[in-house]
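Let's take a friendly walk through this model, starting with its strands and ending with a few residues that deserve a second look. Please keep the viewer open as you read.

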Amino acid sequence: MNNSSAASRTRHHTVTVRAGAASAERVRLSVYDLMTGTFATPRTFYYRRTLDAAALRASLAETLPHYPLLTGRLVRDDDRGLSVVCDDAGVPFTESHSDRPMPAYGLGRSAKDDIGSYLHKASAFRIVGHDTPLLTVRVTHMRGGGSVLGIAINHSIVDGAGYLDFLRHWSRVHHGEEHRAAPYARTLLDGVAQGAAPDAARHSTQYALVSGPQKARFILRVNAGARRVRTVTLRFAADEIRALKEHARAGLAGSGLRVSSGDALSAHLWKVLAELRARPDDSVERLGMVVGLRSALRAALPDGYWGNAVTNVTPALPAGELRAASLADTVATVRRAVDGITADRVRDEVAFLQAQRDARRTHLVLSRMALDAFGGTVAVNNVSRLPVYEIDFGAGRPFWFEFPASPVPWSLLVTPTPLDDDSRDVHFSVPREAAQALAAPEWTKRLHAYAPDA
């Protein structure tokens, strides 16, 4: 297929890349896969040097046999669950040539407004039961050199950790190196719910069963409010992150609690945003945290399990108490919540989700963290350990990495930086007024209160 767009002045050529063999296997997705929705999760990587699209296409074809779900298609099960038919229907690979030079993307110049032009266009609605690809790839060559690699994977197939595992595997194949295939069998989660508490199937602390109208109102509110959400990206230097961790660790000496950099940063951001939000002292402030399950499920899941394996926890404090608490005490609240992700807790959670699928109600299950997005919750997804700046396809490391803005207010995404150190970029998706405040000197000073030169 060849076409051109007068508006973008970009030439496109798309081919379908296949693994070369169709197993016809039907892989039934897990209950955690069903919690993500069936939307694509796009990511874009920006390279100073020009990628070799033909070589990239060849290494992709060599990698895909290890990931039969990516070349398959989604279908609906009788109980309203989902499966992937591994029919090797293929992956669209688009090569584009733009007449634009590479923009100076980075801190202070987001690529979010341009991200759609670097992705292959695929249906966002006609997915299940249609010939809609679950992986799309687009390489855009910029005038004067440099390329953008845009990749979208359907979220029902894999979480962020698995997403990067696939890209690392592809990168190693591209360089002629060996890489172990990822285990993707979803039956591994089937027996996790055995021995769950008697009432686990009827109630979950993390998930809620809502009515159809309630869900529709929630989605409508997110969509209607998206235009009022702005994303502000602030960088926290490596020495600042270390100072935060050491300050918290000193305050918790002798407690026996382990303190991570992520705990310290999340607690600090939670406190500052509680001050910014200025809600009444007796209102409840919650910190919704996306947490991986692979550690808690190490007895059930093999290393490198390739699927969705995340849940969330929501430590809570009265607003006045949170604002007055020390960093160490706030970190302790965060760490105890994360430590609560045990095999027993996950077992009960799976039992609830499986019961809803058995009752054909999975589509009416939403996380309580999401439902409280317009109330007392600040949501944090810390992906700073994902090696997004290590994805090398022969043109060196990317100089920038981008993802779409969140439409949900009070959502924070923590990512690594191109500096290859312990610094962090925090992407605040917040209401317009809060975004303006965060850029003001008063709040910048509060956010960076632990910087050594503050």
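How many bridges join S3 to strand S6 (residues 82-85), and in which sense do they run? The two strands are joined by 3 bridges and run antiparallel. Before going further, please bear in mind that this is a predicted model.

**A three-stranded open sheet**

S3 and S6 belong to an open sheet of 3 strands, ordered S3-S6-S5, with antiparallel pairing. Strand S3 (26-28) and strand S5 (73-76) are at the edges with a single partner strand each, so each has one side without a neighbour in the sheet. From one strand to the next, the twist averages 35°. To find the S3 and S6 pairing in the viewer, look for Arg28, whose bridge partner in S6 is Ser83. As background, strands of a sheet pair through backbone hydrogen bonds, in either a parallel or an antiparallel way.

The loop between S5 and S6 holds Arg80. Arg80 is not a glycine, yet its phi is positive, at about 75°.

**Strand S19 and its partners**

Further along the chain, strand S19 (residues 424-431) is mostly covered, with 7 of its 8 residues buried. Strand S11 (residues 229-236) is joined to S19 by 8 bridges, and the two run antiparallel. Within that pairing, Leu234 has Val426 of S19 as its bridge partner. Strand S18 (residues 411-415) also pairs with S19 in the antiparallel sense, over 5 bridges. Here Leu413 is the residue opposite His427 in S19.

**The nonpolar cores**

Which residues have the most contacts inside the largest nonpolar core? They are Tyr32 and Phe428, in a core of 64 residues. Helix H6 (residues 261-277) supplies the largest share of this core, with 9 residues. Apart from its neighbours within four places in sequence, Phe428 touches a list of residues that includes Val232, Leu234, Leu269, Leu273, Leu412, Leu438 and Leu447. The contacts of Phe428 also include Arg230, Thr231 and Ser411. A second, separate core has 59 residues, among them Cys86, Val383, Phe399 and Trp400. In soluble globular proteins generally, nonpolar side chains tend to be buried together.

**Aromatic pairs**

The model has 11 aromatic pairs. In one of them, the rings of Tyr46 and Tyr118 have centres 5.7 Å apart and planes at 80°, so this pair is edge-to-face. Tyr46 sits in strand S4 (residues 40-47), while Tyr118 is in the loop between strand S7 (91-101) and strand S8 (135-143), so the pair ties together parts that are 72 residues apart in sequence. Are these two tyrosines, Tyr46 and Tyr118, buried or exposed? Both are buried. Elsewhere, one aromatic cluster is formed by Tyr67, Phe166, Trp170, Trp306 and Phe393.

**Helix H9 and what follows**

Helix H9 (residues 343-358) has 16 residues and spans 22 Å from its first C-alpha to its last, close to the 22 Å expected at 1.5 Å a residue. Its buried residues include Val346, Val350, Ala351, Phe352 and Leu353. Charged and polar names are on that list too, including Arg345, Arg347, Glu349, Gln354, Gln356 and Arg357. What covers the buried residues of H9 includes S3, helix H1 (31-34), strand S10 (207-209), strand S13 (310-313) and strand S15 (365-367). This brings us back to S3, an edge strand of the open sheet.

Just after H9 comes Arg360, with a positive phi of about 60°. Arg360 is a residue other than glycine, and its place is in the loop between H9 and S15.

**Three loop residues side by side**

Ala405 lies in the loop between strand S17 (400-402) and S18. Leaving aside neighbours within four places in sequence, Ala405 is in contact with Lys112 and Thr231. Thr231 is also among the contacts of Phe428. From Ala405 to Ser255 the separation is 150 residues in sequence and 38 Å in space, C-alpha to C-alpha. The table sets Ala405 beside the two arginines discussed above.

| Residue | Relative accessibility | Class |
|---|---|---|
| Arg80 | 34% | Arg80 is partly exposed |
| Arg360 | 43% | Arg360 is partly exposed |
| Ala405 | 43% | Ala405 is partly exposed |

Key
Residues numbered from 1 in each chain as written. Predicted model: local features only at pLDDT ≥ 70, side-chain atom pairs only at ≥ 80, totals over all residues. Heavy atoms only, no water. Pairing = 2+ DSSP bridges. Helix = DSSP H or I, 4+ residues; strand = E, 2+ residues; numbered from the N terminus. Axes fitted to C-alpha atoms, helices over the stretch in contact; angles between N-to-C directions. Buried < 20%, exposed > 50% of the residue type's maximum accessible area, 1.4 Å probe, protein only. Expected span 1.5 Å × (residues − 1). Contact = heavy atoms within 4.5 Å. Core = buried A, V, L, I, M, F, W, Y, C linked by side-chain atoms within 4.5 Å. Phe/Tyr/Trp six-rings, centres within 6.5 Å; stacked < 30°, edge-to-face > 60°.
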